[in-house]
Structure formats: C-alpha cells, structure tokens
Protein chains: 2
Amino acid sequence: MKRARPGKVTVLAGGVGAARLLRGLAAVVPARDLTVVVNTGDDDVFHGLHVSPDIDTILYTLAGLSDPGRGWGLRGDTFHAIDALARYGRETWFRLGDRDLATHLYRTTERAAGRRLSTITEAQTRALGVGVRILPMSDDPVRTVIETARGRLSFQEYLVRERARPSVRAIRYHGVRKARPAPGVLPAIRNARVLIVAPSNPFVSIAPILGVPGVRDALRRAAAPVIAVSPLIGGRPVKGPADRMMRSLGMRPDPVHLAGLYSDLLDGLVLDDTDARFLPALEARRIRAATTNTLMKTPARSTAVAQEVLHLAHAVATAPAS
Amino acid sequence: MKRARPGKVTVLAGGVGAARLLRGLAAVVPARDLTVVVNTGDDDVFHGLHVSPDIDTILYTLAGLSDPGRGWGLRGDTFHAIDALARYGRETWFRLGDRDLATHLYRTTERAAGRRLSTITEAQTRALGVGVRILPMSDDPVRTVIETARGRLSFQEYLVRERARPSVRAIRYHGVRKARPAPGVLPAIRNARVLIVAPSNPFVSIAPILGVPGVRDALRRAAAPVIAVSPLIGGRPVKGPADRMMRSLGMRPDPVHLAGLYSDLLDGLVLDDTDARFLPALEARRIRAATTNTLMKTPARSTAVAQEVLHLAHAVATAPAS
C-alpha cells in the first residue's frame with residue numbers, strides 16, 4: 001500500500017511515552033515536517049541548574065542517546081558528580097548523570113546570558129544532530145505543583161522523591177495564565193496536517209501545554225484532525241502516575257475518561273488492544289478510535305503505532321462529515 | 001630528639017607546591033594548630049560555576065583525594081560532563097572532572113544564596129573530613145590578570161589555555177585594593193608561632209595574598225618568624241611558570257631574587273640542595289637559610305621539608321638578636 005505523505009505533523013508531548021511515539025514518527029515522517037511542542041511544567045532547578053526533563057527525554061531519544069531501560073537520562077551515563085554532591089550534604093534524589101549535566105550547564109548559562117529556552121533548545125537540538133523541531137511550550141516559566149495529603153510538592157518532589165505515593169488533591173500550573181506560547185508553537189498547530197496528543201500524562205504533561213493561553217483554542221480551531229494516543233493500557237500507564245492521578249481526581253483511568261479530558265478538541269484516539277471494549281463508547285462520543293499494541297518497547301513498535309496514528313488521522317480527514 | 005610543639009602555624013599558600021608542603025605540615029602539626037591562607041586571585045567562572053583552583057587543590061590534597069600525577073583535581077575522576085559540553089560547542093580547555101564539579105556546584109549555589117566564600121570553604125573542609133583550617137585570603141573577588149604580548153588574559157587563560165607561553169609584561173590583581181581579608185586571616189597571622197610562605201609562585205599565588213590590605217603589614221609586624229620555602233630548584237619551579245615570569249619581569253629565577261620579593265618580611269628561607277651556592281648571599285642579606293631536597297614527590301619528603309621549615313623557624317626564633 002502506498003501511503004500519502006502526511007504533510008506537517010505537530011505533536012504535543014510529555015516525556016517517555018511521547019519520546020517513544022516520536023521515535024516512530026521520525027521513522028515515517030521527514031524530520032523537517034515534524035514539530036514537537038513539549039511540556040515545561042515539570043522543569044525545575046537542581047543545584048542551581050535549570051532542568052527540563054521532558055525536553056531532555058525527547059532530545060536524547062531523538063538523538064539516539066537515551067537510556068532505554070530508565071526512560072530518562074543518557075545511555076551509559078555515570079553519576080559521579082551527583083554522588084560527590086551528597087558528600088557536601090546535598091539532597092540527591094534527583095539523579096543527574098555526568099553527561100546529562102552538560103545539557104543543564106549549557107541551558108543554565110545560556111539563560112543567564114539572556115537567551116530564551118526555545119533558542120537554547122534549538123541550539124541543543126542542532127548540536128545533537130536532531131532534525132526534528134523541538135519547541136518548549138513556552139519561554140515563560142510554568143511550574144506544575146501537586147497539592148497532596150502531605151502538602152504542596154513540586155512535580156519532581158511528588159514524582160521522584162515521593163514516588164507519586166501521596167494522594168493528589170489538586171494540580172496547579174503556576175504561571176501558566178501569563179505564559180506566552182514559544183515562538184513557532186501556534187503556527188505549528190495552525191499549519192499542521194496532523195495534530196497528535198502523545199501518550200503522556202493528561203494532567204502533568206498535556207494539561208500544562210493546553211493551559212498556555214492560545215494553545216487549546218488553536219487546537220480546537222485547527223483544520224487538521226487531532227489524534228491522541230492513550231497512555232493507558234488496561235487501566236494503567238506504562239510509566240508514571242496517570243492512573244493514580246485520575247482516581248485521586250475522581251475519574252476512572254480508562255480511554256473514555258481520558259478522551260473526556262480532550263473532548264473539545266479530539267477527533268480520534270489510538271488505544272491499546274487490551275482496551276478494545278471501550279471502542280463503542282468512544283464512537284458513541286464521535287471519537288474515531290483504533291486499537292493496536294501501544295506498548296512501544298522497540299523501535300519497530302514505535303513505528304507501527306506512529307503509522308496507526310497517521311492512518312487514523314487520514315481516515316478522520318477523509319471521512320464524510322457526519 | 002624530642003621536638004617542641006611548634007604552636008600555631010599559619011601558611012600563605014597557592015596550589016600544588018603549597019599543598020605538598022601542607023601535607024607534610026599536617027603530619028607534624030596538630031590539625032587544630034594549622035591554618036592556611038589561600039590565594040583566590042586565580043579563581044574564575046567556567047560554565048557558570050565558581051572555581052577556586054588553589055582552595056580545591058589544598059582541600060583535595062589534605063583530604064587525601066587529590067590526583068598525585070596531575071597536581072589538580074580528584075584522583076580517579078572522570079571527565080564526562082566536560083566532554084559532553086564540547087558537543088554543545090563550549091570551550092573545554094579548563095578540564096573540570098565530574099566529581100570535582102560537585103565542589104563547584106556546591107560553591108556556586110551557596111554563593112548565590114548569599115554565603116561567603118570563607119563560610120562555604122569551611123563547610124567543604126568539614127564535609128571532606130579535613131581538620132586543618134583553610135581560609136580564602138578574602139571573601140571579596142580578586143582577579144589576577146596577565147598582560148602579555150598577546151593581550152590581556154585571565155590567569156587561567158594564560159596558564160591553562162595558553163600554557164604560559166605568551167611573554168608576561170605585567171601582572172595585575174583586579175579588586176585587590178578593595179578586598180578585605182577574610183574573617184580569621186589577620187588573627188591567624190598575628191597569633192601564629194610560625195609563619196610560612198609556601199613554595200608557590202611569588203607573582204600569582206603569594207603576591208595576591210600579600211596585596212590584600214592589612215596582610216603584608218600583619219606579616220611584617222608579626223612576632224613569629226616568617227619562613228619561606230623556595231619554589232625554585234636549580235632555577236626552575238617544580239610546576240608552573242614562576243621562572244618565566246621572573247625572567248619576563250627582568251629578574252633572575254634564583255632564591256636570592258625570590259627572597260628579595262619578600263625582603264620586608266622574610267626571616268628564613270628553605271631552598272633546595274641544588275641551590276646551596278646561594279646560601280652566603282642569603283645570609284649576607286640577614287636571611288637564615290637551610291637546604292634540603294625540596295622536591296616533595298612523596299609524603300615522606302613533604303614531612304621532611306615541613307620539619308626543616310619548623311626547625312629553621314625555631315632557630316630563627318631562638319637566635320640572639322643580631
């Protein structure tokens with residue numbers, strides 16, 4: 001079967017799940033046609049260094065440098081600096097690798113020199129030989145804060161230090177209302193032929209992006225179909241606390257409730273084969289859905305899921321208006 | 001022979017040569033009696049991090065963590081972060097090791113939090129289990145600048161990047177006139193029973209310390225004998241550009257000219273056996289001198305030189321006034 005070139009593809013992305021889908025998309029879409037708008041709500045400062053975990057995960061994955069086991073950091077990295085910081089009494093639960101430190105040192109000094117996160121990310125993307133355009137959702141600081149039974153935690157404190165155990169009462173995105181979309185974000189949404197919501201946590205990866213003024217509206221108005229990939233497989237995410245967060249917030253962790261979070265903008269949903277029973281409920285909500293094995297353990301599976309997404313987008317775009 | 005406890009010993013120190021003498025002094029003087037006043041004129045900022053090369057060399061040496069071959073950095077350290085910075089196009093001629101980075105990250109963030117270099121150094125000394133008191137000469141910034149035939153260079157640019165090849169026209173210590181001695185520096189000089197000028201470069205290690213207002217005067221007025229160890233062996237330093245600097249500035253690199261730089265404060269000089277021919281000229285200038293093998297390649301040699309220094313100090317202190 002000859003596939004039509006999909007044209008420009010823009011992806012809203014969090015960390016690992018998004019990176020795995022992007023690995024597949026990069027295999028089937030020319031790099032120049034692929035733009036990623038990345039969550040920066042879980043950016044944080046460790047030891048004075050500006051860390052952008054989702055940008056880094058995507059950057060490293062697309063550069064072929066990511067650690068396949070951990071889902072974060074660089075393959076084969078060492079942890080000598082962070083272990084030495086422990087000798088000085090520093091908290092070192094956020095594990096920064098030695099090679100990884102270079103990324104944060106570069107970002108931090110460039111920011112101190114007045115450059116924008118988007119400019120810095122573009123330079124880092126180029127330096128690592130990545131052709132895909134990686135855009136932070138905003139150059140302005142947005143910080144996801146988790147209100148838990150144990151008090152207010154930064155996202156990294158909640159996820160890494162507390163291992164997502166405290167029950168979540170509310171999630172706030174400090175600064176999001178004043179944040180402006182980074183240069184290129186709104187055009188990348190408006191001009192896309194396919195818009196994709198990556199299989200990322202809806203509350204802490206996708207919601208901050210959608211919260212940046214203008215982004216959600218641009219997605220609603222976009223001519224292109226908006227296709228999400230569910231991060232849930234049988235009621236659980238591959239990684240992270242999405243299911244616990246959904247439950248904490250009174251929501252069942254299933255594709256129908258996930259789709260409900262995007263109901264104003266979603267045209268199609270790719271979900272895992274194990275969740276096929278939700279297809280009728282989705283179609284009843286006028287969401288075109290397709291199932292596949294969404295566990296992207298290998299590059300080949302990433303490519304297959306990417307193709308399924310593009311196929312569904314094509315189906316939505318060419319379907320007669322209902 | 002039973003040796004009298006020397007009492008409080010205060011050392012003016014640069015980097016490697018000083019560290020090797022201190023290793024010996026720490027073996028014969030109780031740590032609580034030993035204070036080091038360290039040059040900070042070659043401190044610099046790399047990748048946003050405050051690096052204090054002389055403090056670090058002394059700290060690491062006294063902690064038993066220094067690299068014996070290189071004379072800087074930590075034994076067995078790796079260089080993954082700095083090599084990764086090169087991928088982002090950064091200049092990486094100043095080699096910061098991965099474990100070493102922790103020292104600079106800690107210092108930089110503590111300074112950003114408003115703490116003084118002396119307070120930070122005290123915390124780092126304690127953290128690495130060093131009992132000797134390490135005092136930066138000042139908490140205020142002093143920067144040694146080398147005016148060369150190839151223009152104005154920071155000291156690290158001159159020494160590390162240009163490998164001390166450009167001929168030196170002048171050396172300036174920016175900020176030194178406004179610098180205040182760090183807390184404890186003047187009392188450590190006033191209350192010492194023995195004052196030692198380490199075998200360090202007189203222009204870029206010792207001169208900045210002596211340039212801090214109050215320090216040189218305190219040494220001149222001190223009751224204790226001031227003993228220097230010559231960094232020259234047969235007209236050359238063990239490490240660094242002291243001889244080239246002396247020549248560039250029109251001075252022969254020998255112990256007599258070295259002693260001339262400290263003539264207003266010096267009581268005694270320990271020099272290498274190979275320079276024994278300078279003994280008469282020194283004695284003629286009323287400088288008590290002693291020779292030994294000053295090449296401190298082993299801890300045992302460091303101890304022997306330290307003992308020679310203390311012995312000479314004792315001889316000076318107990319000599320009848322001439």
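Through which surface do the copies, chain A and chain B, meet?

1. The same one: 100% of the interface residues of chain B are also interface residues in chain A, so the copies meet through the same surface. Contact here requires C-beta atoms, placed from the backbone, within 7 Å.

2. This is a predicted model; local features need pLDDT of at least 70, side-chain atom pairs count only at pLDDT 80 or more, and totals for chains, interfaces and linings use all residues. Residues are numbered from 1 along each chain as its sequence is written, with chains lettered from A and ligands numbered from 1 in written order.

3. A turn of 180° and a shift of 0.0 Å along the axis lay chain B on chain A, with an RMSD of 0.0 Å (least squares on C-alpha atoms of residues with pLDDT of at least 70 in both). That is the relation of a two-fold axis. Of the residues of chain B, B:Asp98 comes closest to the rotation axis, at 3.1 Å (C-alpha).

4. Each chain is counted in the contact: 23 residues from chain B and 23 residues from chain A. On the side of chain B, α3 (80-87), α4 (98-112) and α5 (117-127) each give two or more residues (helices are DSSP runs of H or I, at least four residues). The largest share, 9 residues, comes from α4(B).

5. Within chain A, helix α1 (residues 16-28) packs on helix α2 (residues 53-62) at about 30°, axes 9 Å apart. Axes are lines fitted to C-alpha atoms over the stretch in contact, and angles run from 0 to 180 degrees between N-to-C directions. That makes α1(A) roughly parallel to α2(A) (under 35 degrees).

Technical notes. Parallel < 35°, antiparallel > 145°, perpendicular 65-115°, else oblique. Contact = placed C-beta atoms within 7 Å.
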